[in-house]
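Please explain how this chain is put together, taking a reader who has not met it before from its sheet to its core and its aromatic rings.

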Amino acid sequence: MKRTSTLDMASLATATALGVVMSFAATMGAAAQTEITFSYLWGGVEGEALEQIIADFNASQSNIVVKGVSSPDTTKQLASMSSTSGSFDISDNFGSNVGAWASKGILHPLDDAGIDVADFIPASIDQVTYDGKLYSIPIAVHDYQLIYNKKLLDEAGVAVPTTMDELAAAIKALTKVDGSGNITQLGLGYAWMPTTMTVLGYAFGGDWNGGGKPTPTDANAIKGVNFYADNVVKPYTSAAVNKFIAGFGPYMSPEDPFHTGKIAMVIDGEWRSASLGKVEGLDWGVAQIPAASPELANSTLVEVSTLFIPTNSQHKAEAAEFLKYLVSPPVMAKFSHALGNLPARTSLLGDPIYADLPNYAAWLDALKSPNAKSFSSAPYVTEYVTDLGSAFDAVVQGTQTAEDALKGVADRSATYAQ
């Protein structure tokens with residue numbers, strides 16, 4: 001047996017002590033890592049793109065580990081935020097909800113988060129500010145345009161409509177009904193019915209938020225709702241339209257009705273630019289939504305996708321660090337490009353990263369329109385938008401006229417929190 005010298009014993013002791021220290025340091029380092037949960041509403045390919053960004057952040061530093069969870073259930077999201085102990089530290093939603101949520105005290109103010117908002121589109125910051133405080137940060141903005149199937153328009157001999165009369169004629173020419181009265185192709189469908197009605201109201205010169213207050217009975221806004229009812233629903237009956245819609249596949253899936261040619265035109269957002277180009281055999285284009293008069297050209301609705309930290313988050317500082325990463329220019333560009341969204345930073349609006357997105361410029365240009373409008377950040381907006389959606393649905397179902405349905409919203413608006 002080899003004899004161990006005093007020097008060897010000293011070296012062994014030193015090495016052992018060093019190993020213990022290194023092991024302890026490693027253990028403490030691991031313990032020092034804070035895990036935060038990012039519960040996001042996106043799914044599918046959009047969720048996959050977001051998971052890659054999360055992975056990039058986790059690899060960029062060693063103090064925070066972000067766990068991404070795709071959870072599109074907004075009811076569950078609000079329940080978590082309203083509880084004593086929430087299930088996530090950072091999440092996303094739309095700017096229209098910020099006022100209502102901030103007024104309830106369930107959003108953590110972000111004025112001290114160290115994010116310079118000078119580069120953000122001013123209207124997007126307006127939507128996430130309540131009572132003089134910043135409660136959410138825009139990650140993307142959205143607007144809506146008229147998407148059309150070029151093949152179907154060509155087959156029907158229909159030019160891309162530029163006026164409301166032309167749009168009405170195009171809807172009629174592009175809607176097909178079989179001998180039994182069943183619709184087999186719809187001239188103008190909707191991806192999001194409340195959005196379609198809202199935008200058509202703007203295109204007739206209406207204002208759903210006149211003077212910063214709910215104005216659901218605005219005469220011109222009602223004209224937009226009646227336009228859809230008179231040209232899409234009433235000629236074919238609500239029952240026929242409902243039966244046709246019942247056969248639709250999931251939105252943006254291979255069975256999406258616009259993908260399969262069941263719908264010739266649809267009003268939808270810029271995110272379709274990242275997906276429609278991947279649909280085999282689909283030749284599509286984008287145009288401004290027709291307006292009732294020239295001065296109303298390029299009327300559209302602007303919405304904001306935002307990131308926020310709930311008040312009940314247990315890791316607000318770490319969540320703020322991750323939020324800052326997400327809205328930094330290079331990450332915002334990567335994120336918005338992957339989803340086909342419009343960036344919330346003015347410095348990115350002309351970035352060449354978006355050059356490969358087909359027809360993207362049409363939505364980008366709409367942001368510059370004086371007729372691009374949005375709902376305010378008032379506390380009542382969430383309830384108001386929900387009530388408008390119910391009213392629009394009643395019109396489409398044929399259970400109420402537009403005038404009566406929206407008069408009901410006006411009556412309910414008297415009880416809204418201001």
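What is shown here is a predicted model, and a convenient place to begin is its open sheet of 5 strands, which runs in the order β8-β9-β10-β7-β11 with mixed pairing. Because β8 (176-177) and β11 (284-287) stand at the edges and have a single partner strand each, one side of each is left without a neighbour in the sheet. The partner of β11 in that order is β7, and strand β7 (residues 144-149) pairs with β11 in the antiparallel sense over 4 bridges; within this pairing, Leu 146 stands opposite Ala 287 in β11.

From the sheet we may turn to the interior. The largest nonpolar core has 123 residues, and those with the most contacts inside it are Phe 38, Trp 208, Met 265, Phe 322, Leu 323, Val 327 and Leu 406. Helix α9 (residues 219-233) supplies the largest share of this core, with 8 residues. Val 327 can serve as an example of the packing: leaving aside its neighbours within four places in sequence, Val 327 is in contact with Ile 115, Phe 120, Ile 137, Pro 138, Ile 139, Leu 307, Met 332 and Arg 345.

Aromatic rings deserve a closer look, and the count comes to 19 aromatic pairs. The rings of Trp 208 and Phe 392 have their centres 5.5 Å apart and their planes at 70°, and since planes over 60 degrees apart count as edge-to-face, the pair is of that kind. This pair links distant parts of the chain, with Trp 208 in the loop between α8 (193-203) and α9 and Phe 392 in helix α14 (residues 381-397), 184 residues apart; both Trp 208 and Phe 392 are buried. The rings of Tyr 380 and Tyr 416, by contrast, have centres 6.0 Å apart and planes at 10°, so that pair is stacked. Because Tyr 380 lies in the loop between β15 (372-373) and α14 and Tyr 416 in the segment after α15 (402-413), the pair ties together parts that are 36 residues apart in sequence, and Tyr 380 and Tyr 416 are likewise buried. Elsewhere, Phe 38, Tyr 40, Phe 57, Phe 322 and Tyr 325 form one aromatic cluster.

Two loop residues complete the tour. Asp 131, in the loop between β4 (129-130) and β5 (133-134), has a positive phi of about 50° although it is not a glycine, and at 69% relative accessibility it counts as exposed. Met 252, in the loop between α10 (238-246) and β10 (263-269), is also not a glycine and has a positive phi of about 65°, but with a relative accessible area of 28% Met 252 is partly exposed.

Definitions and conventions:
Residues are numbered from 1 along each chain as its sequence is written. This is a predicted model: local features need pLDDT of at least 70, side-chain atom pairs count only at pLDDT 80 or more; totals for chains, interfaces and linings use all residues. Side-chain values use heavy atoms; hydrogens and water are left out. Two strands pair if DSSP finds at least two bridges between them. A nonpolar core is a set of buried Ala, Val, Leu, Ile, Met, Phe, Trp, Tyr and Cys residues joined through side-chain atoms within 4.5 Å. Buried means under 20% relative accessible area, exposed over 50%, partly exposed in between (1.4 Å probe, protein chains only). Contact means heavy atoms within 4.5 Å. Rings of Phe, Tyr and Trp (its six-membered ring) pair if their centres lie within 6.5 Å; planes under 30 degrees apart count as stacked, over 60 as edge-to-face and the rest as tilted.
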